[in-house]
Amino acid sequence: MIESPTKADGAELWRIARDSAKLDLNSPYAYMLWCRDFAESSVVAREDGRAVGFVIAYRRPDEPEAALVWQVAVDASQRGKGLAGALLDALYTRLVGEGVRYLETTITPDNEASIRLFTSFAKRWNAAMETSVLFGGDEFPEAGHLAEDLYRIGPLTAPANPGE
């Protein structure tokens with residue numbers, strides 16, 4: 001089942017992100033706030049009542065037609081089953097109905113899995129994808145952080161059949 005997260009999901013989302021060993025890990029408190037404050041622009045997948053994957057996103061205040069995906073994570077027990085793509089599709093279906101026409105995310109150049117995920121999403125929905133450097137590696141306070149490239153997908157249109 002894919003639905004909006006609740007603030008009670010925050011600890012589980014933090015655990016999934018931590019266990020990925022790939023994502024920049026935010027504090028548990030940040031995940032709790034994301035689940036409370038950005039539930040309408042985020043989704044969580046549940047199996048047997050527990051969170052097994054999520055997409056945290058937010059609507060861009062300076063561009064209401066854009067939503068930025070902050071993180072996508074899937075529990076190890078669910079990897080390789082297409083859950084990340086299904087989560088993005090569910091998020092897209094909800095947000096496009098609310099006027100979102102562009103889905104954005106940032107990805108470091110070495111994150112091949114995320115690049116494949118978002119490239120596949122753009123192809124699946126027949127949408128253009130543009131990339132540009134959003135933050136250069138030299139802009140980060142810690143040494144060795146790679147550039148964050150902005151992936152912008154759209155314009156998106158509503159699916160032909162509701163619930164697609």
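Strand 3 and strand 4 form a hairpin with 6 residues between them, in a predicted model where local features need pLDDT of at least 70, side-chain atom pairs count only at pLDDT 80 or more, and totals for chains, interfaces and linings use all residues. Residues are numbered from 1 along each chain as its sequence is written, and side-chain values use heavy atoms, with hydrogens and water left out. Helices (H or I, at least four residues) and strands (E, at least two) are DSSP runs, numbered from the N terminus. The two strands of this hairpin pair in the antiparallel sense over 7 bridges, strand 4 spanning residues 66-74; pairing requires that DSSP finds at least two bridges between two strands. Within this pair, Tyr58 stands opposite Leu68 of strand 4.

On its other partner, strand 3 meets strand 2 (residues 43-47), again in the antiparallel sense, over 5 bridges. Here Ala45 has Gly53 of strand 3 as its bridge partner, and Val44 is matched with Phe54. The hairpin of strand 2 and strand 3 has 2 residues between the strands, and Asp48 takes a positive phi near 50 degrees there. Strand 2 is also joined by 2 bridges to strand 1 (residues 2-3), and these two run antiparallel. Val44 of strand 2 serves as the bridge partner of Glu3.

How enclosed are these strands? Because 7 of the 10 residues of strand 3 (residues 50-59) are buried, this strand is largely enclosed by the rest of the structure. Buried here means under 20% relative accessible area, exposed over 50%, and partly exposed in between, with a 1.4 Å probe and protein chains only. Strand 2 is mostly covered as well, with 4 of its 5 residues buried.

Helix 2 (residues 28-37) has Ala30, Tyr31, Trp34 and Cys35 among its buried residues. These cover an arc of only 135 degrees around the axis, so they lie on the same side of helix 2; the arc is that of the directions from the helix axis to the C-beta atoms. The buried residues of helix 2 pack against helix 1 (10-20), strand 3 and strand 4, where contact means heavy atoms within 4.5 Å. The face turned away from the buried side of helix 2 carries exposed Tyr29 and Arg36.

Attention now turns to two further residues. Thr108 lies in the loop between strand 5 (102-107) and helix 4 (112-124), and counts as buried because its relative accessibility is 16%. The side chain of Thr108 makes a polar contact with that of Asp110 at 2.7 Å. A polar contact is a pair of N or O atoms within 3.5 Å; within protein, one must be able to donate a hydrogen and the other to accept it, and residues adjacent in sequence count only if both atoms are side-chain atoms. Leaving aside neighbours within four places in sequence, Thr108 is in contact with Ile115, His145, Leu146, Ala147 and Glu148.

Asp149 belongs to strand 7 (residues 148-153). Asp149 is buried yet has no salt bridge, and Arg116, the nearest side chain of opposite charge, is 15 Å away. Lys and Arg count as positive and Asp and Glu as negative, while His and the chain ends are not counted; a salt bridge needs a side-chain nitrogen of Lys or Arg within 4 Å of a carboxyl oxygen of Asp or Glu.
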